[in-house]
Amino acid sequence: MKNFWRKAAALALSGLLAFGLAGCGSGGEKSSQGEQKKDEPIVIKFSHVVKETTPKGQAALKFKELVEQKTGGKVKVEVYPSSQLYGDKEELEALVANNVQMIAPSATKLVGLNPAYQIVDMPFIFKNDQAALNFYNGPVGQKLLTSLEDKGILGLAWWPNGAKHFTNSKRPLKRPEDFKGLKFRTQSGGVLDAQFKALGAGSQTIPFGEVYPALQNGTVDGQENTFNNIDTQKYIEVQKYLTVSGHGRIDYVVLVNKSFWDSIPEDLRSKVKEAMDEATKLATELSDKQNKESFEKIKQSGKVEIYELTEADRAEFVKAMEPVYREYESKIGKEIMDAARNAQ
Ligand code: LMR
């Protein structure tokens, strides 16, 4: 946490220096006198870590198209997919420093700023996709979205992306005891470490862009992700078993640098917001569709042995997760846990 802010401050400083030297920030087109140049478009750099073909990748491109259309080119969006510009950790620092203006990380990666975002990882807490969506769009989800404003970050939207499932290279995972002694990649945050610990397994945080080689060279035995990420990252080339568990979620929070956002003239900002609302609809539709398609593709490939948890298996896992619920209820907050549990 301390490290994060130290680095963010350093980046912010380098950003400011660059701003001062060049007379313009990445998002604000100013002349050397600091005046907004009339004909220069405002540029939003949008960085993310997944492929362009994924729901997030497609929604980001849709957002670009809509922004440019609705503002008549006065606001331009540059999308950088596949960790091209920044990986998991750097993208958040770059956002604070205004080196990029928009990112859409998986919510759990915000744990260092607000531990409550780990609600998405709380095992077996959401009943289904619709329940998660209703939670995000309800008062508790909306409050979470705006919880980073004092850190200079504004949440614009939740982009739901779907349930996570386990893959690994060692053996079929059907019951909690099957996890003993295995090591899994995690995105970040204590809930995921606690989840694997409760199953007798180890864990290691690895940036998304480095997961494939980590699975390939055996740094970790397994990972957890959506069907679409498993498919588009080609994990099944280096994994032998898939457990359809839907035990947690990977959903995104679209974040914008707040000072940059406030600097966009009001008439244009409302168009950008409109574009975001439309892109959010697309992200929601695509996540459902593409996860289904990817699951079919994984099945058809015959490359992994697939096991779907039964209701009885799920009950065993839920029981095994009791220490996680106990430890994290106070860290995440009872109000948030209850809202997630009760969402329909
Ligand atoms: C992961 O790190 O596994 C995911 O958060 C990547 C993503 O953005 O979908």
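Reader: How far is an oxygen atom of the ligand from an N or O atom in the side chain of Lys109?

Author: The model is a predicted one, and in it the distance from that ligand oxygen to the side-chain atom of Lys109 is 2.7 Å. A polar contact is a pair of N or O atoms within 3.5 Å, so the pair at Lys109 counts as one.

Reader: What makes Lys56 and Gln187 count as polar contacts of the ligand too?

Author: The same cut-off of 3.5 Å is applied. An N or O atom in the Lys56 side chain is 2.7 Å from a ligand oxygen. For Gln187, a polar atom of the side chain is 2.7 Å from an oxygen of the ligand. Both values fall within 3.5 Å, so both pairs are polar contacts.

Reader: Which residues are around the ligand?

Author: Lys56, Lys109 and Gln187 are among them, together with Val49, Val50, Ser106, Arg185, Phe208, Asn225, Asn229 and Tyr252. To be listed, a residue needs a heavy atom within 4 Å of the ligand.

Reader: What lines the largest cavity, and what is its volume?

Author: Its volume is about 80 Å³. The lining includes Val49, Lys56, Lys109, Gln187, Ile250 and Tyr252. By class, five lining residues are nonpolar, four are polar and three are charged. The structure has one cavity of 30 Å³ or more.

Reader: How do you know where the largest cavity lies with respect to domain 1 and domain 2?

Author: By looking at which domains supply the lining. Domain 1 (42–107 + 128–160 + 251–289) and domain 2 (163–250 + 293–342) both contribute residues, so the cavity lies between them.

Reader: Where does the largest pocket lie, and what is its volume?

Author: The pocket has a volume of about 610 Å³. Of its 31 lining residues, Asn128, Asp129, Gly162, Ala163 and Arg249 are the closest to the centre. Helices α4 (129–137) and α10 (266–301) and strands β5 (163–168) and β9 (241–249) each give two or more residues to the lining. Residues from domain 1 and domain 2 both line this pocket, so it lies between the two. The lining consists of 12 nonpolar, 12 polar and seven charged residues.

Reader: Is His247 called buried or exposed, and why?

Author: The relative accessible area of His247 is 1%. Buried means under 20%, so His247 is buried. This residue lies in strand β9. The side chain of His247 makes a polar contact of 2.6 Å with that of Glu224, and another of 2.8 Å with that of Ser245.

Reader: What about Ala312: buried or exposed?

Author: Ala312 has a relative accessible area of 53%. The exposed class begins over 50%, so Ala312 is exposed. Ala312 sits in helix α11 (residues 311–320). Its C-alpha atom is 9.7 Å from that of Arg175, although the two residues are 137 apart along the chain.

Reader: Why is helix α3 described as largely enclosed by the rest of the structure?

Author: Helix α3 covers residues 88–96, and seven of these nine residues are buried, so the helix is largely enclosed. The buried ones are Asp88, Glu91, Leu92, Glu93, Ala94, Leu95 and Val96.

Reader: What phi does Asn98 take, and where is Asn98 relative to α3?

Author: Asn98 comes just after α3 and has a positive phi of about 60°.

Methods. Residues are numbered from 1 along each chain as its sequence is written. This is a predicted model: local features need pLDDT of at least 70, side-chain atom pairs count only at pLDDT 80 or more; totals for chains, interfaces and linings use all residues. Side-chain values use heavy atoms; hydrogens and water are left out. Buried means under 20% relative accessible area, exposed over 50%, partly exposed in between (1.4 Å probe, protein chains only). Helices (H or I, at least four residues) and strands (E, at least two) are DSSP runs, numbered from the N terminus. On a 1 Å grid over the protein atoms alone, a cavity is a set of points where a 1.4 Å probe fits but cannot get out, and a pocket is an open set with protein on both sides within 12 Å along at least five of seven lines; lining residues have an atom within 4 Å of a point. Grid points are joined across faces, edges and corners, and a volume is the space filled by probe spheres set on the points. Ala, Val, Leu, Ile, Met, Phe, Trp, Tyr, Cys and Pro count as nonpolar, Asp, Glu, Lys and Arg as charged, and the others, Gly among them, as polar. Domain bounds come from an automatic or database domain assignment. A polar contact is a pair of N or O atoms within 3.5 Å; within protein, one must be able to donate a hydrogen and the other to accept it, and residues adjacent in sequence count only if both atoms are side-chain atoms.
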